[in-house]
Amino acid sequence: MRYAIIGFGTAGYHAAQAIRERDKAGEIVVYGDTGLAPYNPMLTTYYIFGKLPRSGLFPFGPLEAIADRLGLAFRHERVVKVRARDLTVETEGGVERFDKILIATGATAFAPPVKGLAEEDSFLMRTVDDAQRLKDRLDRGDVKSAVVVGASMAGIKVVEVLEKYGVQVCLADLAPHIFPLAAYPEVSAAIERRVAKRGIDLRFGATIDHMEVREGKNMAVMTDGAQVPADLVSLCIGTRAATQVVQGEVEIDRGILIDESMETSAPGVYAAGDCAQGANLESGERQIIGLWANANRQGAAAGANMAGGAARFEGNILHNITHFMDMDFIGFGDNRIQGELLEQGSLDGDGLYVRAVVAGGKVAGANILDSYRISGILKNYMLRLFTGEGGGVPDYQRAMLLQAGLRPEFIDRMEAMTRG
């Protein structure tokens, strides 16, 4: 058997590993245009900050070691087109045919152009090259002010890096509050109060209209008319699935549509990771869920099935977790759904705070501040409810929740509400 993997992030790696577990002799060809081993995009700011060495971005080791361990053949070249009907991969160097193909091209950062913003002062934050470029600029020591556009998980991590370098920072977003897709407004407000106390200038409902140079200084002119000093601008607005190589070959919405086996609409062609649109167990719709763990599961299922297995990955729920400025934020589910409120702790106090919304006998969404320890258990409980397994919190998990500071009455009420 001949297998092609297009793109080599964590989804591609786990697919290759799963293929090799089932097919010791098959040829696995990996196409990648970066020449880098798989890395975690969410760790790039940790490298700039100094919390990780550059090698720490690559959890599976160097490319050569991976190739030796899994018996992979690498093609350091750009894929032009994947032809689904005849299972071929076209590069600038020619065309090869395969028995199974995985599209694991991930996603790319995108940002609209900002009038007057010089290329050397504009920074994205997605790739290792993005991180290295920002680190090199900051290490020069000439950045005194910056605007970060995008009050997202990526945006707040860039803010944290800039603060560490002593940069005066403005965080701006057209949304009304921080983490608009994950946090409840009341939780957002509490986070904003904490961030503002660190000296960060927060501007919501506004973004950069254009850049001007005034008295020799770069100024960001905001859509609300404010003028903010900005030696550099970091655009953390979002990502887009990289689907170009299969345009017109498989069904694509925002990402490549896949079923529970990770197969696309074209037999023999699979997709996994941030380019793939699998099931959201809460909404019942297919959605890109851009999580490291999600890509791992999708890649492993795709690889197993490419090698003749019968793996299934039913889907996931929206999940965001980040640590920044000495605080933790975790968000699960859909923060737009209304329901009965469960709450523990104070938004203006210290220690664990939990807000959960229960609707239709399920935990529709949850926010947690300052305790990542309970997040895995709570998410697993939500997943069991969405998949119809039901049941309460197992005794050993209850003990773990209690040890982490969740009160017995919170757990009891949550169980009662979700049991109907």
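These legends accompany close-up views of salt bridges in a predicted model.

**View 1. E96 and R2 pair up across the chain.** A salt bridge joins E96 to R2, with 2.9 Å between the closest N and O atoms. The two residues come from distant parts of the chain: R2 sits in strand β1 (residues 2-6) and E96 in strand β6 (residues 94-97), 94 residues apart. E96 counts as partly exposed, its relative accessibility being 22%. R2 is likewise partly exposed, at 23% relative accessibility.

**View 2. R2 and E96 belong to a network of salt bridges.** Step back a little from the pair and you will find E27 and R75 linked with R2 and E96 in this network.

**View 3. K157 and E160 meet within helix α5.** Here the salt bridge brings the closest N and O atoms of K157 and E160 to 3.0 Å apart. Both residues lie in the helix spanning residues 153-164, and the three residues that separate them in sequence make about one turn of it. Both K157 and E160 are buried.

**View 4. E415 and R398 form a salt bridge.** Their closest N and O atoms are 2.8 Å apart. Because E415 belongs to helix α10 (residues 408-418) and R398 to helix α9 (residues 395-403), the pair ties together parts that are 17 residues apart in sequence. E415 has a relative accessibility of 8%, so it counts as buried. R398 is buried too, with a relative accessible area of 19%; the cut-off for buried is under 20%.

**The wider setting.** If you would like to explore further, a search of the whole structure finds 27 salt bridges, among them E96 with R2, K157 with E160 and E415 with R398.

Note on methods. Residues numbered from 1 in each chain as written. Predicted model: local features only at pLDDT ≥ 70, side-chain atom pairs only at ≥ 80, totals over all residues. Heavy atoms only, no water. Salt bridge = Lys/Arg side-chain N within 4 Å of Asp/Glu carboxyl O. Helix = DSSP H or I, 4+ residues; strand = E, 2+ residues; numbered from the N terminus. Buried < 20%, exposed > 50% of the residue type's maximum accessible area, 1.4 Å probe, protein only.
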